[in-house]
Amino acid sequence: MLTMTMVAVVGRPNVGKSTLFNRICRRRHALVDDLPGVTRDRITAQVSYEGKTFTLVDTGGFVSGDPERIAGETREQVLLALEEADAILFVSDAKTGVHPEDVTMADLLRRTEKPVFYVVNKVDGPEQEALAAEFYALGVDRVYAVSAAHGRGIHDLLEDLTAAMPEDEPPEEETEADAVIRVAVVGRPNVGKSTLVNQILGERRVIVSPTPGTTRDAVDTLFEKDGRRYLLIDTAGIRRKGRTYQKLEKLSIIKALGSIDRCHVAVVLLDALEGVTDQDLHIGGYVQERNRGCVIGLNKWDTLEKDPKAVRRLLDEVKGRFRFLPHAPILTFSALSGKRVAKLLPAVREVYEQYALRVGTGVVNRVLAEALERHEPPLVSGRRLKFYYATQASTRPPTFVLFCNDPERVHFSYARFLTNHFRESFGMDKTPVRLLFRPRTGREANR
């Protein structure tokens with residue numbers, strides 16, 4: 001499985017971090033990628049350069065006050081960057097010279113074994129090269145004199161940055177018989193994700209603490225259960241917008257969302273005592289956008305199950321507010337006591353089996369014909385919508401291509417009818433299903 005390199009851009013305020021970020025991304029604005037539930041800022045982008053692909057993260061400026069704050073918050077934030085990122089771009093300002101905060105951060109950065117690239121920005125021409133030389137006083141072997149605003153020196157920086165990265169791995173090819181089911185446990189801080197992971201594994205594999213945010217990285221654990229292999233991913237809690245107080249905590253959240261990208265099935269964990277929050281819905285929305293299998297888990301259920309009215313009210317709330325994930329099974333359990341946790345992996349396995357299901361072309365077309373007979377396509381602007389042929393294009397999730405005379409005129413309500421009919425006919429009630437409508441051309445036109 002490809003794990004993408006993460007590169008963090010760090011430095012004091014107003015040294016040009018966002019300008020450098022935009023230059024590398026070839027975007028005009030720093031607001032480039034909206035990740036639901038991360039922060040008010042959009043701070044990440046995927047970059048490809050000379051055959052290497054990496055995630056670039058723009059961070060907020062490090063602001064110091066009294067010496068205690070430098071030793072406390074700044075140290076903590078830089079250490080978080082060192083922990084989460086695979087490489088660091090440390091940006092300074094040539095026009096202001098070496099700042100005391102540059103010295104403080106450079107001292108911390110020298111302690112990491114990860115690649116650190118010391119970038120001196122705002123070197124707009126050859127006559128300003130001498131300004132960059134001052135930064136060798138930080139005790140570094142190489143500084144990169146660049147102008148993020150004009151693109152000067154960016155090529156050399158990217159050449160060396162990508163040379164330090166591992167080669168992009170080709171996608172893994174695996175048969176369904178030996179496939180590892182990748183399961184990400186995601187949710188808000190302190191809903192019991194690590195406790196659930198430990199309960200599933202039957203041992204204390206990850207740190208559990210009542211302090212929100214204890215888990216800051218995705219922790220992968222490979223194990224086997226009932227003849228099936230799983231990769232269980234415990235992730236950092238995903239806070240709601242505006243609640244990510246530590247700027248470099250964003251890195252942990254981005255990795256948590258990245259775990260959804262690389263999983264097959266996401267377990268969206270909720271706190272039964274708190275009910276459904278807007279942030280729970282944001283996380284569910286991210287799972288839906290990425291077309292991942294999903295199980296909704298209501299944790300701490302043992303504190304609620306003695307009140308039948310509260311139970312019914314909460315289940316109705318979950319079904320109603322997560323109606324955009326109608327296929328997701330809803331399970332109730334207590335991660336702390338282990339009660340009913342044993343039902344989780346069988347549910348995950350069932351979701352995955354539907355998620356990876358492939359249907360023969362003949363069966364797909366027979367089901368399409370049944371759907372057309374049950375509900376004839378509507379007239380659109382006086383023209384009858386016609387479907388000719390269908391095939392399953394891919395799995396994970398099951399994706400079907402339907403060839404018709406006018407794809408643009410397929411109304412969402414008819415598309416929903418076809419999707420539901422396919423679900424019912426193929427036994428895909430617990431997985432996302434995608435239908436793509438295409439015009440009949442080439443080989444399809446001769447069918």
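In this predicted model, His421 is in contact with Val367, Glu370, Ala371 and Arg374, once its neighbours within four places in sequence are set aside. One of these partners also supplies a polar atom: the side chain of His421 reaches the backbone oxygen of Val367, at 3.4 Å. His421 itself belongs to helix 12, which spans residues 412-426. Its relative accessible area is just 4%, so His421 falls under the 20% cut-off and counts as buried.

Stepping back to the whole protein chain, there are 12 helices and 17 strands to keep track of. Of the 447 residues, 52% are buried. The accessible surface comes to about 21200 Å², and carbon and sulfur atoms account for 48% of that. Contacts often bridge long stretches of sequence: if one takes those between residues at least 6 apart, 72% join residues at least 24 apart.

Strand 1 (residues 5-11) is a good place to see burial at work. Seven of its seven residues are buried, so the strand is largely enclosed by the rest of the structure. In a regular strand, side chains alternate between the two faces of the sheet. For strand 1, that puts Thr5, Val7, Val9 and Gly11 on one side and Met6, Ala8 and Val10 on the other, and both sets are buried. Strand 1 also has pairing partners. Five bridges tie it to strand 3 (residues 52-58), with the two running parallel, and here Val7 is matched with Leu56. Strand 4 pairs with strand 1 too, again in the parallel sense and over five bridges; in this pairing Val9 sits opposite Leu89.

Strand 4 covers residues 87-93, and Ala87 is part of it. With a relative accessibility of 5%, Ala87 is below the 20% limit and is therefore buried. Beyond residues up to four places away in sequence, Ala87 touches Met6, Val7 and Ala8, plus Pro115 and Leu161. Met6, Val7 and Ala8 were met above among the buried residues of strand 1. Leu56, the bridge partner of Val7 in strand 3, is 31 residues from Ala87 in sequence, and their C-alpha atoms are 9.7 Å apart in space.

Helix 3 (residues 100-109) shows how burial can be laid out around a helix. Its buried residues include Glu101, Asp102, Met105, Ala106, Leu108 and Leu109. These cover an arc of only 160° around the axis, which puts them on the same side of helix 3. The spacing fits a general rule: an α-helix has 3.6 residues a turn, so residues three or four places apart point the same way.

Further along the chain, strand 10 (residues 265-271) is mostly covered, with seven of its seven residues buried. Val265, Val267, Leu269 and Asp271 line up on one side, while Ala266, Val268 and Leu270 take the other, so to speak, and both faces are covered. Strand 10 runs parallel to strand 7 (residues 181-187), joined to it by five bridges, and Val186 has Val268 as its bridge partner there. Strand 11 (residues 293-299) also runs parallel to strand 10, this time through seven bridges, one of which links Val265 with Gly293. Strand 10 and strand 11 belong, together with helix 8 (residues 278-289), to a right-handed β-α-β unit.

Key. Residues are numbered from 1 along each chain as its sequence is written. This is a predicted model: local features need pLDDT of at least 70, side-chain atom pairs count only at pLDDT 80 or more; totals for chains, interfaces and linings use all residues. Side-chain values use heavy atoms; hydrogens and water are left out. Helices (H or I, at least four residues) and strands (E, at least two) are DSSP runs, numbered from the N terminus. Buried means under 20% relative accessible area, exposed over 50%, partly exposed in between (1.4 Å probe, protein chains only). Contact means heavy atoms within 4.5 Å. Accessible areas come from the Shrake-Rupley method with a 1.4 Å probe; for residues, only the protein chains shown count as cover. Two strands pair if DSSP finds at least two bridges between them. The arc is that of the directions from the helix axis to the C-beta atoms. A polar contact is a pair of N or O atoms within 3.5 Å; within protein, one must be able to donate a hydrogen and the other to accept it, and residues adjacent in sequence count only if both atoms are side-chain atoms. A crossover is right-handed if, with the strands pointing away from the viewer, the path from the first strand over the helix to the second runs clockwise.
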